[in-house]
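Reader: Please take one part of this model and go through it closely, residue by residue where that helps. I would like the contacts and the burial set out together, with the cut-offs stated.

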Amino acid sequence: MSQNNLRSLLEYLAKSIVNNPDDVTVEERINGKVVHLDLHVHSEDIGRVIGKQGRVANSMRAILRVVAARNGKQVEMDVVDRA
């Protein structure tokens, strides 16, 4: 799975849990073996994506890390508010 598929995976995961799936976008930056993904969601959905004590966001990060590691990559993910 390439980093483009990491982007698609994150987008799919986020769209499945938010109330405004049309407002979900993922920006991608690549620096060597590290793929940095910025997840942009509607401000109403920030809480849903982060979850209590960050559990949902951390779970998404864990899934992305496993997929990236299988391809010799590292991944970082941040949640960004779309105002």
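Author: What follows begins with one strand and its partner, then goes on to the salt bridges and the helices.

The model is predicted, so local features are given only at pLDDT of at least 70 and side-chain atom pairs only at pLDDT 80 or more, while totals for chains, interfaces and linings use all residues. Residues are numbered from 1 along each chain as its sequence is written, and side-chain values use heavy atoms, with hydrogens and water left out.

The part in question is strand β2, residues 34-42, which contains Asp-38. Helices and strands are taken here as DSSP runs numbered from the N terminus (H or I with at least four residues for a helix, E with at least two for a strand). Seven of the nine residues of β2 are buried, so the strand is largely enclosed by the rest of the structure. Buried stands for under 20% relative accessible area, exposed for over 50%, and partly exposed for values in between, with a 1.4 Å probe and protein chains only.

The partner of β2 is strand β1, residues 25-31: the strands run antiparallel and are joined by seven bridges. Two strands count as paired if DSSP finds at least two bridges between them. One of the bridges sets Asn-31 against Val-34 in β2. The hairpin formed by β1 and β2 has two residues between the strands, and Gly-32 there has a positive phi near 70 degrees.

Within β2, Asp-38 has a relative accessible area of 10% and is therefore buried. Its side chain is joined to that of His-36 by a polar contact of 3.1 Å. A polar contact is a pair of N or O atoms within 3.5 Å; within protein, one atom must be able to donate a hydrogen and the other to accept it, and residues adjacent in sequence count only if both atoms are side-chain atoms. Leaving aside residues up to four places away in sequence, Asp-38 touches Thr-25, Val-26, Glu-27, Arg-29, Asp-78 and Val-80. Contact in this sense means heavy atoms within 4.5 Å.

His-40 belongs to β2 as well, and it counts as buried because its relative accessibility is 12%. The side chains of His-40 and Glu-27 make a polar contact of 3.2 Å.

Asp-38 also takes part in a salt bridge with Arg-29, with N and O 2.8 Å apart. A salt bridge needs a side-chain nitrogen of Lys or Arg within 4 Å of a carboxyl oxygen of Asp or Glu. In this pair Asp-38 is buried, whereas Arg-29 is partly exposed at 45% relative accessibility.

The structure holds three salt bridges. Another of them is between Glu-28 and Arg-7, whose closest N and O atoms are 3.9 Å apart. That pair links distant parts of the chain, with Glu-28 in strand β1 and Arg-7 in helix α1 (residues 3-17), 21 residues apart. Glu-28 is partly exposed at 26% relative accessible area, and Arg-7 is partly exposed at 31%.

Helix α1 also holds the salt bridge of Glu-11 with Lys-15, where the closest N and O atoms are 3.3 Å apart. These residues, Glu-11 and Lys-15, are four apart in the helix, about one turn. Glu-11 is partly exposed at 25%, as is Lys-15 at 35%.

From β2 the contacts lead to helix α2 (residues 46-50), where Val-49 lies. Val-49 is buried, with a relative accessible area of 0%. Among the residues that Val-49 touches, not counting those up to four places away in sequence, are Leu-39, Val-41, Ala-57 and Met-60. The C-alpha atoms of Val-49 and Met-60 are 9.1 Å apart, and the residues are 11 apart in sequence.

In helix α3, the buried residues are Ala-57, Met-60, Leu-64, Val-67 and Ala-68. Seen down the axis, these buried residues fall within an arc of 100 degrees, so they line one face of α3. The arc is that of the directions from the helix axis to the C-beta atoms. On the other side of α3, Arg-55 and Ala-69 are exposed.

Between α2 and α3, the loop includes Gln-53. Gln-53 has phi near 55 degrees, a positive value in a residue other than glycine, and is exposed with a relative accessible area of 72%.
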